[in-house]
Amino acid sequence: MKFRIYLHKLTYLWWLLLLGSCTVDSELFDVTVTAEDLELKEQLIDLSGSLDYYILPESDDFANIPADPNNCLLYTSPSPRDCG
């Protein structure tokens, strides 16, 4: 009988933890735009003409992901191939 009560309490705590840990992203990250952000945006536009160069495509948009022999996609840095 004590084990069943313990199991019910444990199940209740597990659900409480699971449901209590769900939050909206806007609650986790401050998404306010500061003056520095606007200044950086203006400087980038002045240097390159637009922000298109700095915005990466979606991760499943394979056709637009930059693929170049000089664009190393490995996580190792420096690559062992660069040491030759």
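Helices are taken as DSSP runs of H or I with at least four residues, numbered from the N terminus. In the predicted model, the chain contains 3 helices and 0 strands, and its elements follow the order α-α-α from the N terminus on. Helix α1 comprises residues 2-20, and helix α3 comprises residues 35-48.

Solvent exposure was examined for the chain as a whole. Of its 84 residues, 1% count as buried. The accessible area of the chain amounts to about 8600 Å², of which 62% is supplied by carbon and sulfur atoms.

A nonpolar patch was identified on the surface, with an area of about 450 Å² and made by Phe-3, Tyr-6, Leu-7 and Leu-10. Among these residues, Phe-3 is located in helix α1. The relative accessible area of Phe-3 is 59%; Phe-3 is therefore classed as exposed, the cut-off for that class being over 50%.

A patch of negative character was also found on the surface, where Glu-36, Asp-37, Glu-39, Glu-42 and Asp-46 form the group. One of its members, Asp-37, belongs to helix α3. Asp-37 has a relative accessible area of 38%. Because this value falls between the limits of 20% and 50%, Asp-37 is assigned to the partly exposed class. A value of 38% also satisfies the requirement of over 30% relative accessible area that applies to patch residues.

Definitions and conventions:
Residues numbered from 1 in each chain as written. Predicted model: local features only at pLDDT ≥ 70, side-chain atom pairs only at ≥ 80, totals over all residues. Heavy atoms only, no water. Patch = residues over 30% accessible without salt bridge, like charges linked within 9 Å, V, L, I, M, F, W, Y side chains within 5 Å. Areas by Shrake-Rupley, 256 points an atom, 1.4 Å probe, with all protein chains shown as cover. Salt bridge = Lys/Arg side-chain N within 4 Å of Asp/Glu carboxyl O. Helix = DSSP H or I, 4+ residues; strand = E, 2+ residues; numbered from the N terminus. Buried < 20%, exposed > 50% of the residue type's maximum accessible area, 1.4 Å probe, protein only. Lys, Arg positive; Asp, Glu negative; His and termini not counted. Charge placed at Lys NZ, Arg CZ, Asp CG, Glu CD.
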